[in-house]
Amino acid sequence: MNLDTYRRILAGESRTAVLSPRALWRLTGPDAARYLNGQVTNDVGRLADDHACYAAVCTAKGRMEGDVSIAVHAGEFHLDADPVLRESLGARLEKYLIADDAVFEDVSDLWSLRHVFGATPPPAPEAGFVIAYARFGVPGHDVWVATDANANPVIVGATVEADVIETLRLEHGIPRWGAELTTATLPPEAGPHLLEAISYTKGCYVGQETIARLKSVGHVNRSLVFLQSDSAAFPAPGAKLMHAEHGAGVVTSSGYSPRLEKGIALGYAQRQAAACGASLQADGLHLTVAAPLSNETMP
């Protein structure tokens, strides 16, 4: 991993990550906000222009069909997700659009997406716009660029390598589709990042009844947890988590944290083993359930 790039990002310097290919959509029309609020877990009605939020898209039974970032620019909604979700999530997001005065478009081939780390907004492209969004847990901005403008892409600072992005994601406990998130996932069990993407006050949306019931019960049977090793070693994804000599869950992602100088991981742990401070084992390593890192935890 490029430690210089990693440390400069944490110090607030501008660096650019090329996110495309991504599944990209645009939702426009008078009913766009009302319709979208009925489809996702977060409250898009509270979004300020040129800002973004994170949300889950669920079945009627509350299981996830995808996760999505939602940006607002000039009164239009722009959504992005993992490219493997382009067909399935696109169809799901358009499924209930029947009598609404709104248009849902797949713009994956017409736009590209970059992310510029740093609190200072990058210059807006001639054919595109900038969205304030701490996508990877640290200050930054998404830059949407029309495909015909890619000859002059917005690159501020050096380009960020994929392993640096993955380290930041893990350190901040951010789940990823295909690793921590699947069609079997219930949003309330997927860790703090997804819990913050659930509105319990905005009213009805697809899956809301199940998610509200889980909140009223007070717990889920398993939770996504941030795990800290007692050494630089880390368990492999798929490793079985043990607690008091009993199976307690599974590791979903792992790596090395330069800030902690220790191995870290994300994984699902059963309720009795998911509290902060709980001691777990995997791959012969001792792991402790802890809070994800924050911007105040500097190298």
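Strand S7, which spans residues 111-117, is mostly covered, with seven of its seven residues buried. The model described here is a predicted one, and within it S7 pairs with S1 as well as with strand S9. Beyond this strand, the briefing turns to the salt bridges, of which the structure holds 16, to the cysteines, for which a search of the whole structure finds zero disulfides, and to the surroundings of Ser253 in strand S12.

**Strand S7 and its partners**

- The side chains of Trp111, Leu113, His115 and Phe117 point one way from S7, while those of Ser112, Arg114 and Val116 point the other way, and the residues of both sets are all buried.
- In a regular strand, side chains alternate between the two faces of the sheet.
- On the side of S1, the pairing with S7 is antiparallel and runs over four bridges, and within it Thr16 has Val116 of S7 as its bridge partner.
- Strand S9, made up of residues 140-146, also pairs with S7 in the antiparallel sense, here over seven bridges, and Gly140 in S9 is the bridge partner of Phe117.

**Salt bridges**

- Among the 16 salt bridges of the structure is the one in which the side chains of Asp80 and Arg22 meet, with an N to O distance of 2.8 Å.
- Because Asp80 belongs to strand S5 (residues 76-81) whereas Arg22 sits in the loop between strand S1 (15-18) and strand S2 (23-28), this pair ties together parts that are 58 residues apart in sequence.
- Asp80 itself counts as buried, since its relative accessibility is 2% and the cut-off for burial is under 20%.
- Arg86 forms a salt bridge with Asp106, in which the closest N and O atoms are 2.9 Å apart.
- Arg86 lies in helix H3 (residues 86-94) and Asp106 in strand S6 (residues 103-106), so this pair links parts that are 20 residues apart in sequence.
- Both ends of that bridge are partly exposed, Arg86 with a relative accessible area of 30% and Asp106 at 35% relative accessibility.
- Arg135 and Asp142 form a further salt bridge, their closest N and O atoms being 2.6 Å apart, and here Arg135 and Asp142 are both buried.
- Asp4, Arg8, Glu13 and Arg15 are joined into one network by salt bridges that share partners.

**Cysteines**

- No disulfide is found anywhere in the structure, the search of the whole giving zero.
- Cys58 is in no disulfide, and the nearest cysteine sulfur to it, belonging to Cys53, is 14 Å away; a disulfide would need the two sulfur atoms within 2.5 Å.
- With a relative accessibility of 0%, Cys58 counts as buried.
- Cys204 is likewise in no disulfide, the nearest cysteine sulfur being that of Cys58 at 14 Å, and Cys204 is exposed, with a relative accessible area of 69%.

**Ser253 and its surroundings**

- Ser253 is a residue of strand S12, which covers residues 246-257, and at 3% relative accessibility Ser253 counts as buried.
- The side chains of Ser253 and Arg169 are joined by a polar contact of 3.0 Å.
- When its neighbours within four places in sequence are left aside, Ser253 is in contact with Glu166, Arg169, Leu170, Arg176, Ala179, Glu180, Pro237, Ala265 and Leu266.

Notes
Residues are numbered from 1 along each chain as its sequence is written. This is a predicted model: local features need pLDDT of at least 70, side-chain atom pairs count only at pLDDT 80 or more; totals for chains, interfaces and linings use all residues. Side-chain values use heavy atoms; hydrogens and water are left out. A salt bridge is a side-chain nitrogen of Lys or Arg within 4 Å of a carboxyl oxygen of Asp or Glu. Helices (H or I, at least four residues) and strands (E, at least two) are DSSP runs, numbered from the N terminus. Buried means under 20% relative accessible area, exposed over 50%, partly exposed in between (1.4 Å probe, protein chains only). Two strands pair if DSSP finds at least two bridges between them. A polar contact is a pair of N or O atoms within 3.5 Å; within protein, one must be able to donate a hydrogen and the other to accept it, and residues adjacent in sequence count only if both atoms are side-chain atoms. Contact means heavy atoms within 4.5 Å.
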